[in-house]
Amino acid sequence: NHQMAFSGVVKEGQLERRGQGIVGKWEQEYFRISGDILESFALSDQGHVRPLAQLNIAHIESLSIEEEKRECTFYASGSKIRLRAPDYNEMQEWYNALQNLVLSGGLVGLPATAVKPNGS
């Protein structure tokens, strides 16, 4: 178990991202939502990760999810981003995490369910 030791990591794991272009193919990448940033990393055969991109979640537009395809689609800086998970439940978790941050203006590092007062 190599959970990153960052506070503010909302969700992380492997997803497929559709490459740009007409014949873009699906590439396996490692994604992490940390604070209001969505980060992607390239995976190597040895399991090492190399940073690829960072996206401020506040810049995400037109976030949508397609149940049949296990896909989540959104636009950022004019580019269409398509992500695909191994199953629909996993994609739903990614969608919910992104949606919570988009709705909060990208300023809250935790999903709404995690910031309820616990009485302490």
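Leaving aside neighbours within four places in sequence, L98 is in contact (heavy atoms within 4.5 Å) with I33, L38, I57, I60, L63, C72 and F74. This is a predicted model, so to speak with its cut-offs: local features need pLDDT of at least 70, side-chain atom pairs count only at pLDDT 80 or more, and totals for chains, interfaces and linings use all residues. Residues are numbered from 1 along each chain as its sequence is written, and side-chain values use heavy atoms, with hydrogens and water left out.

L98 also turns up in the largest nonpolar core, meaning a set of buried (under 20% relative accessible area, 1.4 Å probe, protein chains only) Ala, Val, Leu, Ile, Met, Phe, Trp, Tyr and Cys residues joined through side-chain atoms within 4.5 Å. This core has 20 residues, and I33, L38, F74 and L98 touch the most other members. Two or more residues each come from β2, β5, β6, β7 (79–84) and α1 (88–103), with α1 giving the largest share, 6 residues. Helices (H or I, at least four residues) and strands (E, at least two) are DSSP runs, numbered from the N terminus.

As for β5 (60–66) and β6 (71–76), they pair (at least two DSSP bridges between them) in the antiparallel sense over 5 bridges. E66 stands opposite E71 in β6. Their hairpin has 4 residues between the strands, and R70 takes a positive phi near 55° there.

Definitions and conventions: Buried < 20%, exposed > 50% of the residue type's maximum accessible area, 1.4 Å probe, protein only.
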